[in-house]
Amino acid sequence: MTEPRVVITELCAQDWPFLFELWRIPAVMRYADELPGLRGWSKETSAEEAWDLYQEQRAALGPSYTQLILKMIDRTPIGESFFAPLPDGFTLDKWVKPEGMTCLIGDIKLRPEHWGQGLGTEGMRQVVAWLFRNTHCALLVVPPHSKNPAAARVYRKAGFTHFEEKQSWRGHTIMELWREEYEATYGP
Ligand SMILES: CC(C)(COP(=O)(O)OP(=O)(O)OC[C@H]1O[C@@H](n2cnc3c(N)ncnc32)[C@H](O)[C@@H]1OP(=O)(O)O)[C@@H](O)C(=O)NCCC(=O)NCCS
């Protein structure tokens with residue numbers, strides 16, 4: 001087995017400067033800036049206010065609302081992954097959130113100097129394992145943009161499959177990973 005290169009940690013106060021800097025890199029945000037309002041704050045929010053909002057949401061929703069930081073083994077931050085629960089009735093074009101079950105939506109972002117080295121795949125696999133281990137979610141959803149094949153590839157290698165290959169929501173395709181599929185492969 002190869003040694004892990006990446007670790008994931010839950011957001012700490014000292015991670016804020018990294019996070020805000022990451023969100024200001026145009027190449028990172030090009031296809032990754034459109035999930036409406038699920039965080040409860042944006043890159044325009046001040047770090048202090050964002051931290052308060054994050055704590056409030058965490059108190060209300062627990063680990064289902066989670067801001068993870070991806071770090072190299074030496075703890076250098078390289079990226080982030082955010083997931084949040086969707087309410088019943090939520091739709092993305094033809095995709096409808098299944099009624100009455102916990103479904104989390106999110107994504108992953110790395111600083112550009114870390115792209116193309118397998119770190120996104122390694123990190124996303126850890127994020128998926130973390131989410132199934134630490135939440136009761138039945139379904140994970142990610143919306144890679146159709147012009148962002150590296151994202152779709154990373155999600156596929158982490159176990160996601162397309163809901164409908166061609167259907168898109170504002171240019172994004174919808175990919176799903178069900179807990180039962182994941183556990184059939186990796187165990188509970
Ligand atoms: C998406 C992202 C996380 C990928 O991270 P990464 O570390 O570069 O990914 P990996 O190196 O693990 O894997 C990339 C895969 O995409 C493939 N890929 C890269 N560019 C591609 C392209 N233009 N067409 C098809 N496949 C492509 C690579 O070949 C690789 O697959 P392989 O290992 O089977 O060869 C990174 O590009 C990123 O942070 N992008 C900006 C933020 C973003 O768009 N996030 C997704 C929001 S939904």
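Which residue, with a positive phi, follows α5? The residue that follows α5 is G159, and its phi lies near 115°. Since the model discussed here is a predicted one, this angle, like every other value below, describes the prediction.

The helix itself is a good place to continue. Helix α5 runs over residues 149-157, and its buried residues are A151, A152, V154 and Y155. Viewed down the axis of α5, these buried residues fall within an arc of 160°, and therefore they line one face of the helix. The cover over the buried residues of α5 includes the helix α4, which spans 119-134, together with the strands β6, β7 (139-142) and β9 (175-178).

One of these covering elements, β6, leads on to the strands. Strand β6, made of residues 103-110, pairs with β3 in the antiparallel sense, and seven bridges join the two. Strand β3, residues 77-85, also pairs in the antiparallel sense with strand β2, residues 66-72, here over six bridges. A residue of β3 that can be followed across both pairings is E80: it stands opposite I69, while in β6 its bridge partner is K109. Between β2 and β3, which form a hairpin, there are four residues, and in this hairpin R75 takes a positive phi near 75°.

The surroundings of the ligand bring α5 and β6 back into view. Of the 23 residues around the ligand, those that come nearest are W115, G120, T121, P149 and A150. The elements that give two or more residues to this shell are β6, α4 and α5, and α5 gives the most, with five residues. By residue type, the shell around the ligand divides into 14 nonpolar residues, six polar ones and three charged ones.

A last stop is the loop between β8 (161-162) and β9, where K166 lies. Is K166 buried or exposed? Within 10 Å of K166 there are 7 other C-beta atoms, and because a residue counts as exposed when 12 or fewer lie within that distance, K166 is exposed. To place K166 relative to the ligand's surroundings, one may take G120, which is among the residues that come nearest to the ligand: K166 and G120 are 46 residues apart in sequence, and their C-alpha atoms are 24 Å apart in space.

Key: Residues numbered from 1 in each chain as written. Predicted model: local features only at pLDDT ≥ 70, side-chain atom pairs only at ≥ 80, totals over all residues. Pairing = 2+ DSSP bridges. Buried ≥ 20, exposed ≤ 12 C-beta atoms within 10 Å, placed from the backbone. Arc of directions from axis to C-beta. Contact = placed C-beta atoms within 7 Å. Near = placed C-beta within 6 Å. Nonpolar A, V, L, I, M, F, W, Y, C, P; charged D, E, K, R; others polar.
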